Amino acid sequence: MCAINIKELDLNLLRILRAVVETQNSHGVEPSELAIMLAEASTQMLHPVERVIEDYSAFDPKQYSGSVNILANTFLLEFFGPRLILALYAAFPNATFNISQWQKDSLYEVLQGNIDYVIQFDSYDMPQDMYCRNLATMENVILARKDPPSLSQGSEWCSIHNLPIVRLYLDGINPRRGILERVYEQQGYQANFLLTTHSVRTAVELVKNSDAIIYSSDYVRQIAPELACYPLPPLSHQYNVLDINGAYLQTRRGSPFSQYLHQTVQTFFDQTLSA
């Protein structure tokens with residue numbers, strides 16, 4: 001028996017074969033036993049392909065009644081979550097939503113196909129299974145209480161190197177020995193950490209009531225407008241910005257749902273950061 005290379009099968013020929021077997025008439029061609037078996041199998045093979053094509057052309061986000069499952073970096077969820085859910089609800093008015101914070105084992109859930117979309121800092125190294133797109137770039141600043149004596153002479157290294165630091169920490173995102181330690185050491189100083197915490201609100205409360213500073217984005221002031229922004233000391237460009245990525249499984253790149261969801265999130269960040 002001749003070997004058959006499945007990679008060489010033509011789906012269009014399967015359609016023709018199915019028609020020949022169903023009509024038993026194609027200019028005197030009589031189907032063989034193998035042709036009949038292939039025709040029967042082609043119905044099962046082609047149906048999911050045809051269903052995907054139909055779903056793609058018929059996709060209507062306003063009528064979508066499934067769930068939208070999103071994982072977001074904890075800090076980004078605190079900064080943008082309240083307005084993001086309104087944008088998602090407007091885009092998918094009949095959907096249900098599950099928006100959770102990124103945790104240590106979250107990548108497993110994503111790779112298992114349980115999550116539709118991820119919003120994460122670019123510093124998190126996503127595997128090749130994920131299709132990543134840049135959503136936005138935010139500038140880093142120093143945040144402290146307004147008009148503190150410690151910053152009255154500016155925010156050069158000579159003025160700030162001994163100030164206590166409040167550090168935001170996430171398991172699985174920033175290592176225990178992170179960027180700030182290395183940056184201070186490069187300047188010949190040792191970082192003075194007063195508090196390391198997962199909670200933005202806890203961090204903000206201490207900064208408001210002490211001489212401590214926090215390195216973060218100006219968007220923290222949405223939670224604490226009492227704080228003031230100060231420029232960073234001289235740093236290399238890579239430390240001056242925070243890049244935000246949106247990501248979903250590579251296998252879903254052709255999905256109209258995934259594409260529309262990404263466009264919704266992208267539009268949200270475009271409008272929010274340009275406001």
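**Figure 1. The largest nonpolar core of the predicted model.** In this predicted model, the largest nonpolar core comprises 40 residues, and those with the most contacts inside it are Phe80, Tyr117, Ile119, Ile244, Leu261, Val265 and Phe269. At least two residues of this core are supplied by each of β1 (67-72), α3 (74-91), β3 (117-121), β4 (130-145), β5, α7 (200-208), β9 (241-249) and α8 (256-274). Helix α3 provides the largest share of the core, namely seven residues.

**Figure 2. Surroundings of leucine 261, and the other core.** When neighbours within four places in sequence are left aside, leucine 261 is in contact with Val68, Ile70, Leu88, Phe92, Asp116 and Tyr117. Apart from the largest core lies another core, made up of 17 residues, among them Ile165, Val183, Ala191 and Tyr230.

**Figure 3. The buried face of helix α6.** Helix α6, which spans residues 179-186, has Leu180, Glu181, Val183 and Tyr184 as its buried residues. Seen down the axis of α6, these buried residues fall within an arc of 165 degrees, so they line one face of the helix. The cover over the buried residues of α6 includes α5 (157-160), β5 (165-168), β6 (193-197) and β7 (214-217). Just after α6, glycine 188 adopts a positive phi of about 90 degrees. One of the buried residues of α6, Val183, is also among the members of the 17-residue core.

**Figure 4. Two partly exposed cysteines.** Cysteine 132 has a relative accessibility of 32%, and because this value lies between the 20% limit for buried and the 50% limit for exposed residues, cysteine 132 counts as partly exposed. Cysteine 229, at 30% relative accessibility, likewise counts as partly exposed. A search of the whole structure finds zero disulfides.

**Figure 5. The protein chain as a setting for the close-ups.** The secondary structure of the protein chain comprises eight helices and nine strands, and buried residues make up 40% of its 275 residues. Among the contacts in the protein chain with a separation of 6 or more, 78% are accounted for by residues 24 or more positions apart. The protein chain exposes about 15,900 Å², of which carbon and sulfur atoms supply 51%.

Conventions
Residues are numbered from 1 along each chain as its sequence is written. This is a predicted model: local features need pLDDT of at least 70, side-chain atom pairs count only at pLDDT 80 or more; totals for chains, interfaces and linings use all residues. Side-chain values use heavy atoms; hydrogens and water are left out. Buried means under 20% relative accessible area, exposed over 50%, partly exposed in between (1.4 Å probe, protein chains only). Helices (H or I, at least four residues) and strands (E, at least two) are DSSP runs, numbered from the N terminus. The arc is that of the directions from the helix axis to the C-beta atoms. Contact means heavy atoms within 4.5 Å. Accessible areas come from the Shrake-Rupley method with a 1.4 Å probe; for residues, only the protein chains shown count as cover. A disulfide is a pair of cysteine sulfur atoms within 2.5 Å. A nonpolar core is a set of buried Ala, Val, Leu, Ile, Met, Phe, Trp, Tyr and Cys residues joined through side-chain atoms within 4.5 Å.
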